[in-house]
Amino acid sequence: MTVERLDSGSRLLVEISAALAARDDLRLDGALRRAQKGDARGVEVEETLLQSYLFLGYPAALTGIARWREIAGPPPAESDTLADPERVDEWTQRGARVCELVYGRAYGTLRGNIARAHPARDRWMVTEGYGKVLGRPDLSLRVRELCNVAVLAATSWEPQLHSHLRGALNSGATSAEVEEALEIGLQSVTPEDAARARRLWNRVRSAHGEEAHDVH
């Protein structure tokens with residue numbers, strides 16, 4: 001039986017995400033240059049770099065985008081019909097749909113847990129995270145979640161990694177694709193952190209299809 005791994009373009013986007021998370025400028029530069037030569041679609045590189053601020057913050061995202069501008073030139077025209085901040089209510093609607101796709105039947109539990117921690121954080125997660133950013137066109141949710149897996153593996157945020165390992169599977173990624181994205185993200189971490197992340201992945205993979213009660 002053939003094991004489906006990441007296609008070359010998606011793998012490169014995951015590598016860009018991992019390099020940015022690891023603050024590995026040399027690795028990032030090499031991946032961006034390969035993308036500029038046609039190994040990945042430019043608009044998908046744009047989206048990968050834009051979404052990185054959700055987990056890495058603006059400094060990292062600005063650094064990645066600035067380097068991409070040097071390599072690729074001016075940005076493309078905006079393609080998201082909901083990009084205007086005045087359409088924030090539509091961001092919320094789109095965000096709820098995308099968030100539910102990622103979390104599946106655990107969606108209600110997630111919203112409840114996040115709102116109990118702080119109601120503003122729940123609104124930000126849905127409107128900002130899933131509506132404004134992860135719901136944008138030009139990059140599939142499956143690839144977005146694989147990039148998120150690589151970022152969270154590289155930064156060793158285990159609770160969030162747990163959520164997005166499951167989210168990648170819920171978004172249509174195969175186990176082989178998720179495992180490859182995870183391993184790309186783990187290239188820069190300590191052996192101890194890598195071992196913990198792999199144990200976490202084994203638990204997620206064995207329980208796939210069951211609903212967890214401790215969603216973060």
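Which helices are included in what covers the buried residues of H2? The legends below concern a predicted model, in which local features need pLDDT of at least 70 and side-chain atom pairs count only at pLDDT 80 or more, while totals for chains, interfaces and linings use all residues. Residues are numbered from 1 along each chain as its sequence is written, and side-chain values use heavy atoms, with hydrogens and water left out.

**View 1. The two sides of helix H2 (residues 25-39).** Leu28, Asp29, Ala31, Leu32 and Ala35 are buried (under 20% relative accessible area, 1.4 Å probe, protein chains only). Seen down the axis of H2, the buried residues fall within an arc of 165 degrees, so they line one face of the helix. Their cover includes helices H1 (8-22), H3 (42-51) and H5 (58-72). The face turned away from the buried side carries Leu26, Lys37 and Gly38, which are exposed (over 50%).

**View 2. Cys99 and Cys147.** The count of disulfides (pairs of cysteine sulfur atoms within 2.5 Å) is 0. Cys99 is in no disulfide, the nearest cysteine sulfur, that of Cys147, being 18 Å away; this is too far for a bond. Cys99 is buried, with a relative accessible area of 0%, and Cys147 is buried with a relative accessible area of 0%.

**View 3. Lining of the largest pocket.** Sixteen residues line the largest pocket, and Leu54, Phe55, Met125, Gln160 and His164 lie nearest its centre. Lining residues have an atom within 4 Å of a point on a 1 Å grid over the protein atoms alone, a pocket being an open set of points where a 1.4 Å probe fits, with protein on both sides within 12 Å along at least five of seven lines. Helix H8 gives the most to this lining, with 6 residues.

Note on methods. Helices (H or I, at least four residues) and strands (E, at least two) are DSSP runs, numbered from the N terminus. The arc is that of the directions from the helix axis to the C-beta atoms. Contact means heavy atoms within 4.5 Å.
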